[in-house]
Amino acid sequence: MMKPAVLTGEYFMTGDVACAEGALAAGCRFFGGYPITPATEIAERMASRLPQVEGCFIQMEDEIGAMAAVLGSSWAGVKSMTATSGPGFSLMMENIGLGICTETPCVVVNVQRGGPSTGLPTQGAQSDMMQARWGSHGHYEIIAIAPSSPQEIFYLTITAFNLSEKYRLPVLIMTDEIIGHMSEKVIIPEAKLIKTVSRPKPKGRKDRFKPFAPGPNGVAPMPAAGEGYNLHITGLTHDEKGYPVMTVEAQTEMMARITEKIQKNLDDIIRTDSYLLDDAEIVIVSYGVSARTSMAAVAEARKLGIKAGLLRLVTIWPFPEDQIRELADRVKGFVTVEINLGQIHREVERCAGGKVPIFLVGHPGGTLIHPDKVVKMLKEAF
Amino acid sequence: MQEISVTSKKQPRHPLDDLIRTDRIPHIWCPGCGIGTVFSSCLAALKESGIDLKKTVMVSGIGCSGRAAGYVKLDSFHTTHGRAIPFATGLKLANPELNIVVFSGDGDLFAIGGNHFIHAARRNMDMTVICVNNLNYGMTGGQVAATTPYMAKSTTTPAGNPETPFNLPLMAYASGATYVARWTMLHTRDLTDSITEALCKKGFSFIEVLSPCPVNYGRRNKQKPLDMLKLYQEKAIIKNHADPSKLDIDFEKGIILGKFIDLDRPTFIEHYDKIYRPSRLQENVSGLNS
Ligand SMILES: Cc1ncc(C[n+]2csc(CCOP(=O)(O)OP(=O)(O)O)c2C)c(N)n1
Ligand code: SF4
Ligand SMILES: [Mg+2]
């Protein structure tokens, strides 16, 4: 039975389900997945919803195949997605790299759980943040975003698709078990209020078209297979035609293209949010579910007369370096709050450049960080 | 005898040139390698079949055989090692109008990519898979493969292969392929006909093509470049509809070639549409974009 892609209304929904609904609202019509806690509910929702909107769902034989199928589907011109957790994210890494190298738009959701290895399948963590940055081999730029609520995952999934289409790369949604399994109010707006972006399409003569010749914002238009362009797409280092060229010059040129399209559009890509940051002397840097912990801690600290504020990272990668640098010039210190033992913490440290002290409130994974722990740190350290 | 003259005169066009990215020639394949012959059979079959080439895509994995995608003048994807089939699965599901040809090596399709092969066959995913079986990993310098004969030498089995190779047609049949054949690159006419037939056939088709790798396999197994071809000629036994369980390659007793399986069953997309998208069947919709 056909149903609308945008289920306008007010719901009590889990983050996982809201993520699937956000994808559909963004125009996603293909999902290739493999079950894994705590991301399975995204696949399950897509399995029942996609055929209702003329889309296609397939449960692949593993996450390697799932990621490959997502890339293939994207090259057939369809907005595509997969969702997984740590072990599956590890398996997807090689093909995420193929997506980067071949500039293939798609969205990969990681509902993080405690690791390493099988770890804590049913309990949350934020410990794949560096894997999101550097997990595939080679040097590259990536976009990763971290939602803090089911409502936000709905919107940020749309954002993720829009960014992936605009900049032609896999965009990672780095959520966690807590957000994925938490039920909250989610408002789905009317379809006409949702802005969706689709990959730039080529114009002009098909026989002269070069699939990797960048347009004005550094991104090349992208045709689909079957449109008569005789595309050649390879994970080997390639020139603007897409042909393999095994030279240092070609590598330099290709690397510039795939990194600069991100580096030169940071203002368009990076989003942060803040809470009582304007007059803050101590800045908590946090993201995802831990940003909620941190918000409670800031409110509590203010009551105690501590001038704390929160910088919530919505975009994790590319990292909001300039913002941290500017803050480092005017505040007394930073506290990073995250469910790992210091991943984004090191980034904050790097950007603060030794100007002010930086502390970590981390946790090895399996549960939320209690706001009291953050308040305690604020009291003791400053 | 034909006179060979070196002049600046334009070379006549080869009948398959319009299917080749001539701007990428010379290719990487070694002298004496069989891949080029399999590739040209595939191109001839693409022409012969009459399928819409604008809607035809070649997908390869990694390896010498996998380089085919880089020379064919069609939409073509050179993916990651072992992942041509799942990549092709995504293409097909997103646009069922596309004709899909997977062209890759034995290591790519049956070692690192073996799991994808059996599942695509089980699903009867509509695609034609051509495997160049050169009995080893050519590209990386001649290591043992899942197809290397027992006791054959390779760089990683210096005293002989202690493992048993796969019977590929049996595996394809057991997994659910609806078309299964085996030829050698020497049997170009049969091979071309077989690929043509597979391209026109709905469902998961598999063609194994034995092909020499004189540089890495032949050299280590006391075979001169022509020896493998002689074996193909002398030991070939054409036996259509042979029992798939009796198709182990035996270079002494004989190599059974032919079309072994040709049957019909609904494809993944046909099942999916029937169960999940009945409205699509009525309206005869093609891509997912509509
Ligand atoms: C993940 C990964 N592992 C290993 C390799 C190295 N590698 C490249 S080609 C190849 C084997 C190819 O063998 P086959 O598929 O039989 O192709 P052939 O070269 O024999 O035609 C290997 C192991 C790789 N590219 N990627
Ligand atoms: S290494 Fe072997 S398979 Fe590869 S091109 Fe040379 S002869 Fe052919
Ligand atoms: Mg091989």
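Here is a short walk through a predicted model, one selection at a time.

**Stop 1: rings in chain B**

Start with the aromatic side chains. Across all chains, a search of the whole structure turns up 17 aromatic pairs. Select B:Trp29 and B:Phe39: their rings meet edge-to-face, 5.7 Å centre to centre and with 65° between the planes. This pair links distant parts of the chain, with B:Trp29 in the segment before α1 (35–49) of chain B and B:Phe39 in helix α1 itself, ten residues apart. Both B:Trp29 and B:Phe39 are buried.

Keep B:Phe39 on screen and add B:Phe103. Here is another edge-to-face pair, at 6.1 Å between centres and 85° between planes. This time the partners are 64 residues apart: B:Phe39 sits in helix α1 of chain B, and B:Phe103 belongs to strand β3 (residues 99–105) of chain B. B:Phe103 is buried, just like B:Phe39. Now bring in B:Tyr71, and you have the cluster that ring pairs make of B:Trp29, B:Phe39, B:Tyr71 and B:Phe103.

**Stop 2: ligand 2**

You already have B:Trp29 selected, so stay there: B:Trp29 is one of the residues around ligand 2. Others to pick include B:Cys30, B:Cys33, B:Cys64 and B:Cys213, along with B:Pro214 and B:Asn216. How many of the residues in this shell are nonpolar, polar or charged? The split is seven nonpolar, three polar and no charged.

**Stop 3: charges over rings**

Jump to A:Arg133 in chain A. Its charged end sits over the ring of A:Trp134, 3.8 Å from the ring centre. Next, select B:Arg24 together with A:Tyr243. The charged end of B:Arg24 sits over the ring of A:Tyr243, at 5.8 Å from its centre.

**Stop 4: a helix with two faces**

Colour helix α13 (residues 371–381) of chain A. Buried residues here are A:Val374, A:Val375, A:Met377 and A:Leu378. They lie on the same side of α13(A), because they cover an arc of only 155° around the axis. Turn the helix around, and the face away from that buried side shows the exposed residues A:Asp372, A:Lys379 and A:Glu380. What covers the buried residues? Among the elements that do are α10 (288–303), β12 (282–287) and β13 (308–313) of chain A. Also on that list are β15 (333–338) and β16 (358–362) of chain A.

**Stop 5: backbone oddities**

Some background first: most residues other than glycine have a negative phi, and most peptide bonds are trans. Now zoom in on A:Trp317 and A:Pro318, which are joined by a cis peptide bond with omega about -5°. A:Pro318 is in the loop between β14 (315–317) and α11 (321–330) of chain A. For another cis bond, go from B:Ile25 to B:Pro26, where omega is near 10°. B:Pro26 is in the segment before α1 of chain B.

Then try A:Glu54, in the loop between α2 (40–49) and β3 (56–59) of chain A. Though not a glycine, A:Glu54 has a positive phi of about 70°. Is A:Glu54 buried or exposed? Its relative accessibility is 9%, so A:Glu54 counts as buried. A:Leu276 has a positive phi too, of about 50°, and is partly exposed at 37% relative accessibility.

**Last stop: B:Pro266**

Finish in the loop between β8 (255–262) and α9 (268–276) of chain B, where you will find B:Pro266. Leaving aside neighbours within four places in sequence, B:Pro266 is in contact with B:Asn124 and B:His271.

Conventions. Residues numbered from 1 in each chain as written. Chains lettered and ligands numbered in written order. Predicted model: local features only at pLDDT ≥ 70, side-chain atom pairs only at ≥ 80, totals over all residues. Heavy atoms only, no water. Phe/Tyr/Trp six-rings, centres within 6.5 Å; stacked < 30°, edge-to-face > 60°. Helix = DSSP H or I, 4+ residues; strand = E, 2+ residues; numbered from the N terminus. Buried < 20%, exposed > 50% of the residue type's maximum accessible area, 1.4 Å probe, protein only. Lys NZ or Arg CZ within 6 Å of the ring centre and 35° of its normal. Arc of directions from axis to C-beta. Contact = heavy atoms within 4.5 Å. Near = heavy atom within 4 Å. Nonpolar A, V, L, I, M, F, W, Y, C, P; charged D, E, K, R; others polar.
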